[in-house]
Structure formats: C-alpha cells, structure tokens
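Work through these exercises with the sequence and the 3D view side by side. Try each task before reading its solution.

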Protein chains: 2
Amino acid sequence: MQDVAKRANVSTATVSRVLSNPDKVSESTKKRVLEAIDELNYQPHVVARQFRTMQTKIILVVVPDITSAFFSQILRGIEHVAIEHGYQVILADTENKTEREREYMNILHQKQADGMVLLTARMNKHELEEISDAFPVVLACEYMDELNTPTVSIDNISSSRKAIQHFIDMGHRKIAHITGPMDVILSRDRLRGYQQAMYSNDLPMDSLYIQEGNFTIESGYNQMKKLLSLDEPPTAVFVFNDEMAIGAINAVRDQGLSVPEDIAVIGFDNINMAPIFTPKLTTIDQPKYEIGQKAMNLLLSLINKEPLEKRKFVLKDELVIRETCGYTLSRNNDSRDKDGNAISTKILEH
Amino acid sequence: MQDVAKRANVSTATVSRVLSNPDKVSESTKKRVLEAIDELNYQPHVVARQFRTMQTKIILVVVPDITSAFFSQILRGIEHVAIEHGYQVILADTENKTEREREYMNILHQKQADGMVLLTARMNKHELEEISDAFPVVLACEYMDELNTPTVSIDNISSSRKAIQHFIDMGHRKIAHITGPMDVILSRDRLRGYQQAMYSNDLPMDSLYIQEGNFTIESGYNQMKKLLSLDEPPTAVFVFNDEMAIGAINAVRDQGLSVPEDIAVIGFDNINMAPIFTPKLTTIDQPKYEIGQKAMNLLLSLINKEPLEKRKFVLKDELVIRETCGYTLSRNNDSRDKDGNAISTKILEH
DNA sequence: CCAAATACTGTAATCGGTTACAATAAAGGT
DNA sequence: ACCTTTATTGTAACCGATTACAGTATTTGG
C-alpha cells in the first residue's frame with residue numbers, strides 16, 4: 001500500500017479511501033491511484049482490514065450433515081444471498097454430533113465470523129439463547145418454542161399431520177411412523193403431528209408402530225424390517241425423511257412385498273432423488289432454497305442491527321403426491337390436491 | 001488480554017506465551033494466567049493473531065457442485081484431516097461456472113486462506129500454473145498432464161477402459177457413451193478410455209453413440225432418449241457419472257424397455273445411491289474419502305514447505321458390479337472380479 | 001564462592017490497513 | 001475583498017496479538 005501511495009503520489013490514507021470510500025476522493029486522484037494499484041498489481045491484505053474493522057465478512061453455517069441432499073439446497077440459498085452482500089460462507093459440518101456443534105460456537109466467540117446460521121440445534125435452549133443474545137444468529141429448519149432466536153422453518157407438526165391425514169383419507173388405519181432421533185426437535189414435532197392426526201381420527205396407536213431411525217438409508221431399511229415383522233404390520237408408513245423412506249422401500253421389496261400395493265410410504269423433504277426413485281416418492285416438500293435465502297437475509301438484518309419485521313418465519317410446505325402413497329395408481333401422474341393446487345409429479349422436474 | 005495480564009500480574013507477552021508457547025512459561029505463572037483467563041472468560045482475538053502471524057489456518061476448497069453426492073464424501077476426507085491439524089475449511093461452490101472459479105482465486109491472492117484444494121479445474125493450464133506457483137494448491141479428481149501442481153486422482157482413462165471391456169467381455173458390441181461436458185478434462189479422459197477399449201477390440205465406433213451430457217439426472221435422461229431413438233440403438237451404455245446413469249435408466253424405463261435386459265448400464269463414482277437404486281447400479285468406485293484425505297495431507301506438506309515424496313498420486317478405483325450391467329443376473333449378488341478381489345454388492349453397504 | 005548457562009519474564013516494535021482529526025485549497029455568499 | 005462552507009488530502013493513532021531482544025533470577029559446574 002505504501003508503494004501504491006508513493007507511485008500515485010498520495011498518502012496511504014487516500015489509497016485506503018479509494019478502495020473503501022471512493023466517493024471521498026476526487027476523480028483525478030482516484031484515477032491515479034487505481035492506475036498505480038494496477039501497475040503494481042497490488043492486492044489489499046484482507047486480514048489486516050478485517051482486523052482493523054473488526055469485521056470478517058464471513059458467515060458460519062452449521063450443518064448436521066453435509067452429505068445430505070436436503071441441506072445442500074438450503075446452503076445454496078444462503079450462499080447466494082451472502083455473496084450478493086459481500087459475505088463469504090464457512091461451512092461447519094457437525095456430522096450429527098452435539099459436541100462438534102458446541103465447538104463451532106467458539107468461532108463466533110472468537111469473532112472469526114460476523115454471524116451464524118444454524119441448520120441444527122441439538123444444544124439445549126439455554127446455551128443457544130446465550131450465544132444468540134451475544135451474536136447474530138439465525139436458526140433454520142429447527143424450531144424451538146419460547147426461543148428468542150430468529151427462526152426460519154416450516155410447521156413440521158402440521159405438515160406431518162397432513163401426510164397422515166392423506167393416508168387416512170385413502171382408507172389406511174394401520175399407519176406406522178419411522179421417526180428421526182428423539183433428541184432432535186424436528187423428530188418430536190413430526191411425531192406429534194402423527195399422533196395428533198391419529199387421535200383426531202380416533203385411530204388406535206400402537207407404540208410398536210413408532211420406530212426411531214437415525215436419518216440414514218440403512219436405518220430406514222432396518223426400522224421398516226422391524227415393522228414388517230410385526231404380527232399385524234402396518235399398511236402405511238410415514239417416514240421422517242426421504243433417505244430413510246428409500247431405505248424403507250428397499251426393505252419392503254426385499255421382503256417380497258411391493259410399494260405402494262402392500263405398504264404405502266410417504267417421506268419428507270422432497271430431495272432431488274424423490275421424483276427419480278422407483279417408485280416415485282410421495283413426500284412433503286420443503287422450500288429449501290427459500291429457507292436458506294430467508295435465513296441469510298434475516299442474519300444480514302441482525303448484523304446491520306436493522307429492526308426485524310418478525311422473529312419467526314414459517315414457510316409453506318406442500319404434500320407432493322407421487323407413487324409411493326398409492327394415491328395415483330388409478331390415475332394420471334399429475335393430480336391436484338383437494339384445494340385444487342397443482343401437484344406436479346412430472347418426472348425429471350426438480 | 002491486558003485485563004488478563006493485569007489480573008495474573010504478568011505482562012501481555014506472558015499471557016500470549018501461555019496460549020501459544022506454553023513450554024516457555026513456568027508452571028506457577030501458567031496456572032495463574034489460566035485462572036485469570038478463566039475468570040475473565042477471555043477469548044483470544046483470532047483475527048488479530050491471524051494478522052500478526054500472517055496465517056489464517058483456513059483452507060479454501062473449490063467444488064464444482066456442492067449438491068453432488070460425489071463431492072461431499074471427498075469434502076469430508078479433506079475436512080477431517082484439516083481439523084486434525086488445526087485448519088478450518090471454507091467451501092467455495094462454483095456451480096460449474098469457470099468465472100466463479102476464477103473469482104475464488106482472489107481469496108488466495110488476498111491471503112485469506114493458507115492454501116487451496118481444487119476439485120475442479122476448468123481454468124486453463126496457464127492460469128492454474130500461475131496460482132499454484134505462488135500459493136499452496138492441490139488439485140484433486142481432475143488430472144492435467146504436464147502440470148506441476150500436486151494432484152490426487154484416479155486414472156480415468158484406464159477405469160473407463162475397464163468398464164467398456166466389461167461390456168465387451170459380456171458380448172456387447174453396440175456400446176454407447178454418455179459423456180460429461182467436453183470442456184472438462186475428466187470427460188475427455190473417460191471418452192478416451194472408451195475409444196481405446198473400442199479400438200483395441202476392433203469394434204466400430206459410431207459418433208452417434210457418443211452423447212454429451214452435463215452431469216445432471218435430466219441430461220442423462222435426455223441423452224439416453226436420443227440413443228434409444230437411433231435406428232440401431234446400443235445394447236450397453238457407459239455413463240460419465242451415476243447421476244446421469246440414473247437419469248438414463250429412467251429414460252429406458254419410460255420407453256417401455258428395461259435395464260439390464262434391453263440396455264446394460266455402467267455409471268461412475270459409486271455414489272451412496274448406487275447400491276440403493278433399483279436396479280442397483282454397476283459403477284466405477286472412486287476412493288472418495290481417501291482422495292480428500294490425501295489431497296489435504298499434500299496441501300499441509302506444501303504449506304509447511306516439506307518436500308513431497310511425489311507430486312502425482314493416482315489412487316485405485318474399482319469396478320463394482322451390481323445389477324445394471326446384467327452380469328449378475330444369473331448369479332448371486334456377490335461376485336468376484338477376475339483378479340479374485342471381492343466385489344461386494346450387498347444392499348445397504350455404503 | 002563465582003562465572004556461566006539456563007529459565008523465565010518484561011519492554012516495545014511490529015503486522016497493514018482504517019479513520020479521527022487537522023490542514024489546506026477551492027468555491028460560494030455578502 | 002473577506003469570511004464561511006465544502007471538498008480533498010495528509011498525519012498519525014490505533015486495532016490485539018506475537019516475538020526479538022533485553023533483563024533478571026535461578027541453577028549448574030568447577
């Protein structure tokens with residue numbers, strides 16, 4: 001920077017201003033400085049700037065599982081908004097471990113990032129509250145009651161209810177649920193939706209019909225095997241996510257049965273494999289990209305200390321009816337739900 | 001830090017030493033300082049340290065597509081090694097755009113990262129050479145001849161040859177290839193392997209049998225449709241990656257034909273969906289996690305200016321025979337290749 | 001018992017920008 | 001013509017750690 005200043009015959013302050021406050025500098029000197037920068041191929045030392053301004057322009061995004069098809073779409077939403085506003089995204093993969101989640105909190109404490117988007121919150125409410133009181137933090141996907149942290153999510157309880165109601169409307173009575181790990185709020189919420197729908201339709205609930213998986217294809221496979229080995233196996237199974245649903249369908253098939261004829265299945269998330277898998281997956285679609293965008297926009301407001309219009313955003317989900325729930329067997333692939341909204345199930349749409 | 005120093009009745013230099021050179025400090029003062037740190041809940045200002053030491057302890061990883069199942073495994077390999085050595089990983093998603101690739105190079109120029117792992121290299125050789133001469137850079141997956149940049153990859157030509165040879169050994173003669181975009185070296189390499197195998201078996205090559213896709217499921221679907229509409233459609237298709245292979249299989253099915261009976265298919269990468277998809281995908285397995293680990297270890301050597309044992313590492317790939325190539329139809333799911341190596345195809349392995 | 005080596009700690013310069021404040025020049029107003 | 005305001009630029013303090021160097025205390029060796 002000294003060199004540039006010398007060459008342009010100005011002070012370092014002016015060079016700095018050309019770079020970060022161009023309006024404060026006259027056209028002529030600005031031109032001279034820019035030329036000098038160009039000639040000397042000067043690159044500002046970003047870390048020095050970060051140090052001086054106490055801003056890193058970095059956003060930390062904590063993901064429970066980077067390999068999951070679901071989160072990558074959310075990430076993209078976050079990243080697009082971030083880059084647009086001059087921020088960069090650091091990814092932190094917790095691999096579903098709560099300790100690692102905690103470790104990453106340090107990055108905020110140490111001011112290595114200007115803010116954080118949490119796509120997982122296994123920590124207890126107290127810890128979360130503490131960190132989000134001190135730093136800009138947005139929670140996405142997971143929702144906690146009575147938590148002040150700004151949140152973007154869908155209503156997991158109602159969407160889960162919607163799925164079960166669909167089964168019931170089609171005449172199913174023996175409906176099982178493969179849940180996610182019970183220490184994850186999302187799992188408890190979706191389970192609650194299942195229970196609510198069963199109760200309100202006066203259907204009995206056998207606790208054997210509730211099996212806890214761990215998000216993976218394998219665990220979907222194993223839990224479905226358990227359900228199939230019951231004396232009275234279910235005729236329909238609602239699965240916490242699409243990955244486990246795919247595992248579950250494989251289990252049905254390995255048992256010589258078929259989906260949806262013998263067992264109907266509904267998944268969750270509408271990952272990009274859902275319309276491609278055979279049979280095509282009926283599932284709850286989350287607006288993944290939009291969740292990411294919204295979360296990042298919220299975070300920017302927090303960082304800039306702008307007032308928030310509200311702290312909790314619940315986006316719309318949608319039951320996408322394809323083949324695994326059996327609904328469309330006697331019909332065309334394209335259908336409409338009872339509200340008349342198109343439920344497109346064309347293959348290869350995304 | 002001042003506060004800590006005062007409280008422990010030492011100078012800031014000593015506090016600093018306790019944190020970064022604990023051996024230089026006596027046990028008693030170390031204890032005092034640590035107590036003070038604890039009582040004041042002091043967090044070192046990492047950016048200040050980065051500034052002073054001119055090290056960020058950050059690694060930039062440039063990925064062509066973060067949503068791809070293939071790369072996430074490599075990422076995990078990189079990240080594990082990085083964290084183990086006190087480095088953090090920033091992810092840069094180029095979304096398959098060369099411009100964005102170039103943009104990210106700036107992060108290195110600006111010293112915002114100590115090194116970079118490239119999982120994509122669409123830039124020309126000259127640009128790449130320039131940056132890798134000036135900074136620690138490792139190339140993974142893609143391989144360029146006559147390039148000095150340290151590289152970790154498999155031998156794409158030979159693995160592609162292997163796939164085609166398998167088709168030929170099974171009696172196929174009309175073998176097509178759905179490639180990746182031709183501006184990607186990997187695509188050209190795998191195409192070359194296809195051509196070599198065809199030539200060396202005196203099989204004719206119809207240029208209509210070579211169709212260029214763009215990595216996505218959709219393009220696999222579309223290119224396969226083209227192949228199916230030929231007067232003399234192929235009986236076997238080698239596809240650049242598993243995603244496109246899955247699209248291709250769907251196209252076959254939509255045409256009322258079936259895999260592998262009418263058309264045999266071999267994919268590439270062995271993504272985690274490969275053994276789950278129906279029919280199970282025969283594919284070339286890349287040691288994804290190991291590629292990531294090796295690349296990161298190489299990068300660490302570069303950063304620490306250690307000598308490299310060599311600059312090019314070619315890891316072993318493996319043809320994993322499952323169902324889509326037809327080989328195991330009359331046999332068990334488990335098979336062995338001609339070298340006697342087990343080719344496990346158990347469902348739900350990963 | 002003293003010199004030399006060793007162990008520990010403190011002082012202060014330093015990294016490369018940013019920005020408050022001061023200084024100067026130019027423009028505008030009466 | 002003179003004062004006020006505005007525009008532009010320079011000077012130098014500052015951000016919070018690290019570390020070379022110097023100084024002091026302690027141990028070792030003869």
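Two residues are in contact when they have heavy atoms within 4.5 Å. Keep in mind that this is a predicted model.

**Exercise 1. Describe the contact between chain A and chain B.**

Step 1. Count the residues. Chain A gives 49 residues to the contact, and chain B gives 50 residues.

Step 2. State the area. About 4600 Å² is buried between chain A and chain B. Carbon and sulfur atoms give 59% of that area.

Step 3. Count the polar links. Between chain A and chain B there are 12 residue pairs in polar contact.

Step 4. Find the elements on the side of chain A. Those that give two or more residues include helix H4 (46-53), helix H5 (69-84) and strand S2 (88-93) of chain A. H5(A) gives the most, with seven residues.

Step 5. Sort by class. The side of chain A that touches chain B has 23 nonpolar, 16 polar and 10 charged residues.

**Exercise 2. Find the acidic partners that A:Arg76 has in chain B, using B:Asp93 and B:Asp65 as your starting points.**

Step 1. Recall the principle. Side chains of opposite charge can pair when their charged atoms come close.

Step 2. Apply the cut-off. A salt bridge needs a side-chain nitrogen of Lys or Arg within 4 Å of a carboxyl oxygen of Asp or Glu.

Step 3. Check B:Asp93. Its side chain meets that of A:Arg76 in a salt bridge of 2.9 Å, N to O.

Step 4. Check B:Asp65. The closest N and O atoms of B:Asp65 and A:Arg76 are 3.1 Å apart, and the two form a salt bridge. This pair crosses between chains, from the loop between strand S1 (58-63) and helix H5 (69-84) of chain B to helix H5 of chain A.

Step 5. Judge burial. B:Asp65 counts as buried because its relative accessibility is 19%. A:Arg76 is buried too, at 15%.

Step 6. Place these in the total. Six salt bridges link chain A and chain B. The whole structure has 30 salt bridges over all chains.

**Exercise 3. Which parts of chain B are linked by the pair B:Lys162 and B:Asp317?**

Step 1. Confirm the pair. The side chains of B:Lys162 and B:Asp317 meet in a salt bridge of 2.7 Å, N to O.

Step 2. Locate both ends. B:Lys162 is in helix H8 (residues 156-169) of chain B, and B:Asp317 is in the loop between strand S11 (312-315) and strand S12 (318-320) of chain B. They are 155 residues apart, so the pair links distant parts of the chain.

Step 3. Judge burial. B:Lys162 is partly exposed, at 30% relative accessibility. B:Asp317 is buried, with a relative accessible area of 12%.

**Exercise 4. Does A:Glu243 have a salt bridge or no salt bridge?**

Step 1. Locate the residue. A:Glu243 is found in helix H11 of chain A.

Step 2. Look for a partner. The nearest side chain of opposite charge is A:Arg190, and it is 8.9 Å away. A:Glu243 is buried yet has no salt bridge.

Step 3. List the surroundings. Beyond neighbours within four places in sequence, A:Glu243 is in contact with A:Ser68, A:Ala69, A:Phe215, A:Ile217 and A:Ile271.

Terms used. Residues numbered from 1 in each chain as written. Chains lettered and ligands numbered in written order. Predicted model: local features only at pLDDT ≥ 70, side-chain atom pairs only at ≥ 80, totals over all residues. Heavy atoms only, no water. Buried area = accessible area lost by both parts, 1.4 Å probe. Polar contact = N/O pair within 3.5 Å; in protein donor to acceptor, adjacent residues only side chain to side chain. Helix = DSSP H or I, 4+ residues; strand = E, 2+ residues; numbered from the N terminus. Nonpolar A, V, L, I, M, F, W, Y, C, P; charged D, E, K, R; others polar. Buried < 20%, exposed > 50% of the residue type's maximum accessible area, 1.4 Å probe, protein only. Lys, Arg positive; Asp, Glu negative; His and termini not counted.
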